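User: I am new to this structure and would like a close look at one part of it, namely the loops with unusual backbone angles, followed by whatever helps me place them in their surroundings. Please explain each term as you go.

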Amino acid sequence: MNFSKLPAAVSLREVGPRDGLQNEDPVSTDDKVRLLDALSQTGVGRIEAVSFVHPRAIPQMADAAEVWARAKKNPDVRYSALVPNTKGAHRALEAGFTEIEVVVSASNTHNEKNVNRSTEDSLDDITGLISLLHKENASAEVIISTSFGCPYEGDVDPARVAAIVDRVIADGADRVSFGDTTGMGTPRRVAELLELVRGSHADTPLLLHFHNTRGTALANILTALDYGITEFDASVGGLGGCPYAPGATGNVASEEVVHMLADMGIDTGVDLHALIEAARLAQDIVGRELPSGVLRAGPRLPE
C-alpha cells in the first residue's frame, strides 16, 4: 500500500447517539442529550442523532423527537436521522431534519427481522420515500445493511448489493452507505464490493459502516481508503451493534479510527482528547466498560 496516495482528509459520522444507544438498555432522555451535546463539541463534522422507528421495535429511540428538540445544535455539524420507512421519514421531516437515512438489508431474512418486510418491499417504499424527501428539500441516503454477510443467510453476494445500489441510485438516492451489520467484513470482501460498485457509480458518494465483531474494522477502513473512500461511520467508545444480528458486537470506536488516521497524517478535524472525554461520558451513561482500546490506554501520537 502506498500511504502517500491515501486521502489527505476523511469525514467521520458519529453514530453513537443512535446506533450506539439503540443496542443498550434504555437510558434517560437527559443522558442522550448530554452525550449528543458532548459529541457536537469534538470537531466531528457529522452526527447521526436519532432514529424514528416504532417504539415497540426499538424502545431505546422512543424519545427521538424530544432528544432532538432539546439538543444544542452546533452549526458546524451536519445532523441526520435514520428511518425504516416512509412513515418514519414524515416524523423526521416534522422534527426538522434535512438529512435522512433509510435502511434496507441486502439479506431478505435480515430485512424481515429488522423492519418486518421483504427487501423488495422496502425498496418499493424507498422509491417513494426518496421523492418525498426531495420535495421537502431533504437529502436521502440509503444504507444497505448486511452488505458483507448476514447472521441468518451467511455470505451475501456482492452482485446482490451492487444491484440494490443500481436501483436506489436510479431512484434518486443522494448517497449510499454499506453496513457491515454482523462484523463479517474483511479486506477481501470490502475490495470485492468496492471494485464492483465503483466501476458503475464512480461519482456517487459512498460511506462505509464497520462493526468490530471479529476485529477487522480498522483493516477494512484501511482497505476502503486505498479505494478512495473518505466517509466512514464510527461510534464513540465502540457503542452499538444490531438487535437483529445475533452475536454482532459494537461498531468500530470513533477514537480508535481518529487515532489511527491522525498517526497516518490523515485529517479528520476531530479533537481526539475531547472525543475520549465523550467516550468516558458514554461509558458512565451505559454503566459498563466500553471496548475501545484508546479509551482504556489513551492516545499515543507524535507531538
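Analyst:
**Two loop asparagines and their surroundings**

Asn-116 counts as exposed because its relative accessibility is 67%, where exposed means over 50% relative accessible area, buried under 20% and partly exposed in between (1.4 Å probe, protein chains only). This is a predicted model, in which local features need pLDDT of at least 70 and side-chain atom pairs count only at pLDDT 80 or more, while totals for chains, interfaces and linings use all residues. Residues are numbered from 1 along each chain as its sequence is written, and side-chain values use heavy atoms, with hydrogens and water left out.

Asn-116 lies in the loop between α5 (108-115) and α6 (119-135); helices (H or I, at least four residues) and strands (E, at least two) are DSSP runs, numbered from the N terminus. Although Asn-116 is not a glycine, its phi is positive, at about 65°. Most residues other than glycine have a negative phi. Asn-137, likewise not a glycine, has a positive phi of about 60°, and its place is the loop between α6 and β5 (139-145). With a relative accessible area of 68%, Asn-137 is exposed.

From these loops we can turn to a buried residue. Glu-99, found in strand β4 (residues 99-105), is buried because its relative accessible area is 15%. The side chain of Glu-99 makes a polar contact of 2.7 Å with that of Arg-78 and another of 3.5 Å with that of Arg-46; such a contact is a pair of N or O atoms within 3.5 Å, and within protein one must be able to donate a hydrogen and the other to accept it, while residues adjacent in sequence count only if both atoms are side-chain atoms. Leaving aside residues up to four places away in sequence, Glu-99 touches residues including Tyr-79, Ser-80, Ala-81 and Ser-139, contact meaning heavy atoms within 4.5 Å.

Phe-97, with the same sequence exclusion, touches residues that include Tyr-79, Ser-80 and Ala-81. In the largest nonpolar core, which has 89 residues, Phe-97 is one of those that touch the most other members, as are Val-142 and Ile-144; a nonpolar core is a set of buried Ala, Val, Leu, Ile, Met, Phe, Trp, Tyr and Cys residues joined through side-chain atoms within 4.5 Å. Helix α11 (residues 272-286) gives the most to this core, with nine residues.
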